[in-house]
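Colleague: I should like to go through this model with you step by step. May I put some questions to you as we look at the sequence and structure together?

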Amino acid sequence: MSDKHAIGDTKLTEDQSKADPENHVGPDRQAECQGQEGGQEAPQQPTRLYKRRWMIVLLFSSYSLCNSFQWIQYGIINNIFTKFYSVDTFAIDWMSMIYMLTYIPFIFPVAWLLEKKGLRVVALVATALNCTGTWIKVASVRPHLFAVTVLGQFCCSLAQVFILGMPSQIASVWFGTEEVSTACSIGVFGNQLGIAIGFLVPPVLVPNVDDMDELAHHISIMFYITAGVATLLFILVVFVFQERPKLPPTQAQATARSILPEQYSYTASIARLLRNRPFILLIITYGLNVGCFYAVGTLLNRMIIIHYPGEEVTAGRIGLTIVVAGMVGSLICGVWLDRTKTYKQTTLAVYFMSLVGMIVYAATLSLGHLWVVFITAGALGFFMTGYLPLGFEFAVELTYPESEGTSSGLLNCSAQVFGIIFTICQGKIIDRFGTLAGNIFLCVFLLIGTIMTGLIKSDLRRQKANLSAKTTAEGQRSGQDYGTTSLMSTPQSPASQA
């Protein structure tokens, strides 16, 4: 997609440049590369970074954590919930896959809502839905109420649609040019930490006991804790979460605020993104990588129990190892990107190492040594989970000046589609041919993704726009300094001296 088409619908007029900066307006970023009519550059506007930005991103990370914890809380103790609700393992697998399935049809209306109403409204809806879902699950702790617990999980999965697309949006609206990748990593960090706790805590709180009343008591404790945390976070969002700072953090945000909502066409933005070949390749490769992670996480309990019977708690700890290593990888990659801006090279390297990690994990899972599984799973998680913020930020670069919420929504939609396909297929392969065949199945698609990542053209549009704005500002200052110097050095006439 050419830059001309990317900004064709977003030119500013003089009246629009006077719009009230405190009212939310359309897309959260449009290019500094937009010129004023007559070929003149847009004037520099005041910008500022607020300390409150860290509170906003940490609060977001917290409620993202609470929601992602619930994604895996059923799957990691699949055999226990199978016994309690008297359903098969595939039904419990769907308690994780419902997060993926719900995302697909709802992401586009939610992304539209994010553009039209802004961060605060989306945050309120997300935490309200998450809180509602947790209390529905509290009421579902009866062996005959599986349908009720599915309803509660559906509400939480719907809340996730309002969460996954926000990290890059929050980073752009609140953070400076040198912080956006780190801020995005912190946003993704909360989601990963929630998954990590979801792997660790359920096997500890819900032991595999035969007495159904005792088992119901343990499940109730887990659900009540989750509901209490979700309720607290909803209250905090109501009173603390702010739409955006008074002054923008960057010139890109300053320009975006002067664009009226009716200028922005969501459908036109989608159409432009789908004509962007590098972004289409990234959509596919991101979906392949993250889809593999979803499949591994959902089926981890089954894979570990096959080779190490009775090790439900250990399976949770292995899942924790995968995600904690991934969180470290995410933060390192975020800081690395902010310093080097090597988006293509870093993404390709991490993708290739994800493939290597998956091969090693598949080869060592059945050796009979749990300590080896911990090491190989940690290496896999470091690269596979560490890839998440890389994909988001690379997408922002490739699609600038389109909305971050739209581009990240398309990435996540791809991940959910591949996640469902890979989870179902790998589960069937494991049942019929064993865990090695199931993991080789994922390795093949990671190899395809690595090759396709190498074909992505590195067109860093946001970096070019920020560099252009910086160069323009320096040129204006130099011109002003030259004019002042020339005026002072001009010789005065005898009459003026007199």
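Colleague: Over which residues, beginning with residue 1, does pLDDT stay under 50, and how many contacts beyond four places in sequence does the model have for them?

Modeller: This is a predicted model, and pLDDT is the predictor's confidence in each residue, from 0 to 100. Where pLDDT is low, the predicted coordinates should not be read in detail. The stretch with pLDDT under 50 is residues 1-41, and the number of contacts beyond four places in sequence that the model has for it is 106.

Colleague: What is the mean pLDDT of the protein?

Modeller: Of the residues of the protein, 82% reach a pLDDT of 70 or more. Residues 493-498, by contrast, stay under 50, and the model has 1 contact beyond four places in sequence for them. For the protein, the mean pLDDT is 81.

Colleague: How many helices and how many strands does the protein have?

Modeller: Of the 498 residues of the protein, 58% count as buried. Among contacts with a separation of 6 or more, 86% are between residues 24 or more positions apart. The count of strands is 0, and the count of helices is 20.

Colleague: Which helix gives the most residues to the largest nonpolar core?

Modeller: The largest nonpolar core has 127 residues, and those with the most contacts inside it include Tyr 63, Phe 81 and Phe 241. At least three of its residues come from each of domain 1 (50-247) and domain 2 (267-470). With 16 residues, the helix that gives the most to this core is α12 (residues 277-307).

Colleague: Which residues does Phe 241 contact, leaving aside its neighbours within four places in sequence?

Modeller: Phe 241 is one of the residues with the most contacts inside the largest nonpolar core. Met 166 and Ile 170 are also named among those residues, and both are in contact with Phe 241. The complete list for Phe 241 is Ile 56, Leu 59, Leu 119, Arg 120, Ala 123, Met 166, Ile 170 and Leu 236.

Colleague: What span should helix α9 have at 1.5 Å a residue, and how far apart are its end C-alpha atoms?

Modeller: Helix α9 runs over residues 212-240 and has 29 residues. At its start, a side-chain oxygen of Asp 211 reaches to within 3.1 Å of the backbone nitrogen of Asp 213. The helix should span 42 Å, which agrees with the distance between its end C-alpha atoms, 42 Å.

Colleague: Is Leu 273 buried or exposed?

Modeller: Leu 273 lies in helix α11 (residues 266-274). Its contacts beyond four places in sequence include Phe 279, Thr 399 and Leu 410. Because its relative accessibility is 0%, and buried means under 20%, Leu 273 counts as buried.

Colleague: How far apart in space are Leu 273 and Tyr 400, C-alpha to C-alpha?

Modeller: In sequence, Leu 273 and Tyr 400 are 127 residues apart. In space, their C-alpha to C-alpha distance is 9.8 Å.

Colleague: Which residue has a side chain joined to that of Gln 153 by a polar contact of 2.8 Å?

Modeller: Gln 153 is found in helix α6. It is buried, because its relative accessible area is 0%. Beyond four places in sequence, Gln 153 touches residues including Gln 70, Trp 71 and Lys 137. The partner in the polar contact of 2.8 Å is Lys 137.

Note on methods. Residues are numbered from 1 along each chain as its sequence is written. This is a predicted model: local features need pLDDT of at least 70, side-chain atom pairs count only at pLDDT 80 or more; totals for chains, interfaces and linings use all residues. Side-chain values use heavy atoms; hydrogens and water are left out. A nonpolar core is a set of buried Ala, Val, Leu, Ile, Met, Phe, Trp, Tyr and Cys residues joined through side-chain atoms within 4.5 Å. Buried means under 20% relative accessible area, exposed over 50%, partly exposed in between (1.4 Å probe, protein chains only). Helices (H or I, at least four residues) and strands (E, at least two) are DSSP runs, numbered from the N terminus. Domain bounds come from an automatic or database domain assignment. Contact means heavy atoms within 4.5 Å. The expected span of a helix is 1.5 Å times one less than its number of residues. A polar contact is a pair of N or O atoms within 3.5 Å; within protein, one must be able to donate a hydrogen and the other to accept it, and residues adjacent in sequence count only if both atoms are side-chain atoms.
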